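Reader: Hello! Could you take a close look at one part of this structure for me, the place where the chains touch?

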There are 2 protein chains.
Amino acid sequence: MLKQYTISVDAMGGDLGAEMVIPGVETALKRHPRLRVMLYGDEKIVGPLLDQYPEVKQRSEFIHTDVWVEMDDKPSQALRRGRRVSSMWLALEAVKNGHAKVAISAGNTGAWMVMAKFVLSTMPGIARPAMAAIWPTVRGKSIVLDVGANIGADAEMLVDFSIMGEAMARCLFGIERPTVGLLNVGVEEIKGVEQVKAAGQMLRNSKLPIEYFGFVEGDDVGKGTVDVVVTEGFTGNIALKTAEGTARQLSAYLKAEMGRSWMTKLGFLLARGAFASLKEKMDPRNANGGVFLGLNGIVVKSHGGTDAVGFASAMEIAVEMARNELVEKIAADLASKHELMELGESTEEPKAAAAG
Amino acid sequence: MLKQYTISVDAMGGDLGAEMVIPGVETALKRHPRLRVMLYGDEKIVGPLLDQYPEVKQRSEFIHTDVWVEMDDKPSQALRRGRRVSSMWLALEAVKNGHAKVAISAGNTGAWMVMAKFVLSTMPGIARPAMAAIWPTVRGKSIVLDVGANIGADAEMLVDFSIMGEAMARCLFGIERPTVGLLNVGVEEIKGVEQVKAAGQMLRNSKLPIEYFGFVEGDDVGKGTVDVVVTEGFTGNIALKTAEGTARQLSAYLKAEMGRSWMTKLGFLLARGAFASLKEKMDPRNANGGVFLGLNGIVVKSHGGTDAVGFASAMEIAVEMARNELVEKIAADLASKHELMELGESTEEPKAAAAG
């Protein structure tokens with residue numbers, strides 16, 4: 001028999017909460033016969049839904065909790081109230097204890113991130129985890145990280161992001177040697193900020209099994225020039241949101257133009273199949289799910305405002321990570337990083353020595 | 001009689017060079033009866049074109065030069081070869097000497113920037129000039145700066161960008177009190193990098209006549225939430241190119257979808273008016289032109305790959321700047337900055353004193 005794998009689910013997260021989580025989980029379970037689910041939430045809310053979705057009821061383990069994090073809780077607040085008892089915390093603990101491979105929530109991003117760091121802690125050698133987004137491109141999909149877990153990153157962090165993003169691309173896209181590019185303001189080696197140039201040098205000179213492409217620019221992301229685009233979180237977050245804004249802007253233009261006259265309306269009617277397909281391509285629900293990388297366990301964040309379709313799509317990402325054992329791959333890559341890279345000594349300053 | 005204004009034009013810049021510059025200038029002259037042009041280029045190339053475009057021949061002063069900067073020259077190379085003698089240098093000198101209000105080129109961006117700094121030098125109190133882009137939004141157009149003149153900016157530079165961008169919005173859009181936002185990864189005051197937070201505080205507490213909106217996120221740019229979006233050059237450049245990439249990506253999707261079947265093709269045919277109008281909205285030629293701000297003179301950069309239509313659109317920007325006396329407005333605003341802002345002492349470290 002093929003191996004099963006388990007995903008732990010915060011049933012209370014998202015603007016719509018359990019009402020969209022449970023049907024989303026149902027869809028995922030129907031798609032993946034080997035998937036099992038651990039479900040954390042309030043019995044009063046989740047219980048009646050389980051009766052409506054028999055597949056979930058049958059193939060999940062439900063754990064009651066009467067504490068959960070609200071969408072507008074501050075991370076510190078969430079941690080104070082939710083530690084050890086909330087649906088988020090318990091879903092993460094399931095990963096820590098080895099009961100689940102991946103944890104997923106559509107809840108409060110800040111709280112989910114802080115709790116994930118607390119419960120799972122960072123992998124050996126990783127300074128700070130990153131958030132990876134799946135970005136639709138003209139060639140298919142790419143991974144972009146960091147899209148906002150941190151602000152700023154030194155060269156070594158950018159190299160770590162490259163290692164982690166590359167492993168994720170292997171799991172998610174099933175390609176053997178994904179290409180990795182560093183986001184920059186030009187493709188020449190002399191361009192850009194120091195950290196990015198230094199990271200480029202490190203990746204180029206390393207013996208890491210990474211297909212390092214070089215620098216890429218903002219317009220390369222949508223082109224799909226590389227499978228993995230690496231940047232620090234401030235720029236990554238702004239690039240991601242700018243692209244989302246541009247897509248919405250063009251949809252608005254198109255909609256307005258199509259309603260201009262009876263001719264354009266008729267044209268729209270005839271071409272509605274094409275528009276439906278375009279809409280699906282542009283539908284953010286189909287690329288729904290950020291992934292926190294660099295923790296001792298994989299943590300998926302679904303958009304808070306999503307519905308069951310979007311949550312099922314985020315579950316899809318969680319499934320790929322779980323069955324391809326992403327954490328193990330990243331751990332192996334990171335373990336070999338120091339011998340494979342000509343890093344020389346540690347890049348950290350010997351502060352204590354200097355002070356003494 | 002209404003006052004005339006003069007724009008100095010590098011006739012040799014751009015991938016297509018004089019062949020697109022001269023007809024672009026012709027269009028601008030026909031639109032603006034008070035416009036006069038100083039034209040710098042090689043007589044062998046420009047001369048025959050002037051015979052084809054009588055309006056340009058009549059209303060421009062042509063100055064021959066046999067040196068010009070190539071599109072792939074390094075800035076240092078361009079400066080060595082082109083100083084005092086190239087079409088770029090001479091066009092900038094016309095602004096310095098007061099013979100023209102604005103200089104424009106579609107040539108090599110790096111060389112144009114370096115020469116502009118050299119010839120015009122920065123305004124008093126301005127550390128480094130910025131490059132402003134005109135960004136189409138669902139509400140109309142916004143100005144985004146810096147889109148790549150510099151990498152990194154401290155809080156005071158971001159405030160200077162705000163002052164300069166705001167003055168440009170008044171000139172270009174004819175609005176009395178344009179709104180200004182700082183690009184960030186969240187709208188809460190505690191979010192983001194230190195420089196952005198500090199700039200926000202400075203703008204909020206200042207008595208500057210600026211309508212400071214607060215922080216904006218990446219998706220606010222396309223929404224047109226504010227008239228002026230301020231950020232440092234690395235992030236600004238990547239955001240701009242990411243948006244361009246996304247627009248091209250969606251055009252490609254749309255094109256592919258519309259050719260799928262005879263129904264969609266017929267639909268496309270009927271709705272072609274709408275598509276033409278959409279295409280025009282998305283046409284980068286219609287928002288063609290970056291503007292260098294912070295120099296003692298206004299310098300416009302047209303896209304290198306543009307044609308006559310695009311160059312005419314960049315000329316349009318130059319015209320607005322010239323007839324609204326943008327430099328004078330910025331100079332006045334900057335002059336009053338120190339008294340209007342609660343800047344306290346100079347933000348610069350008294351390095352010499354500390355070293356002594």
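Author: Happy to; here is a walk through the contact between the chains, followed by the contact between the domains of one chain.

A word on the model first: this is a predicted model, in which local features need pLDDT of at least 70, side-chain atom pairs count only at pLDDT 80 or more, and totals for chains, interfaces and linings use all residues. Residues are numbered from 1 along each chain as its sequence is written, while chains are lettered from A and ligands numbered from 1 in the order in which they are written.

Between the chains, 50 residues of chain A are in contact with 50 residues of chain B (contact means that the C-beta atoms, placed from the backbone, lie within 7 Å). On the chain A side, two or more residues each come from helices H9 (218–223), H10 (233–258), H11 (262–270) and H12 (272–282); helices (H or I, at least four residues) and strands (E, at least two) are DSSP runs, numbered from the N terminus. H10(A) provides the largest share, 21 residues. By class, this side of chain A holds 25 nonpolar, 15 polar and ten charged residues. Here Ala, Val, Leu, Ile, Met, Phe, Trp, Tyr, Cys and Pro count as nonpolar, Asp, Glu, Lys and Arg as charged, and the others, Gly among them, as polar.

Now to the domains: chain A splits into domain 1 (1–126 + 294–316) and domain 2 (136–291), with bounds from an automatic or database domain assignment. Here 13 residues of domain 1 of chain A are in contact with nine residues of domain 2 of chain A. On the domain 1 side, H13(A) gives the most, four residues.

Definitions and conventions: Contact = placed C-beta atoms within 7 Å.
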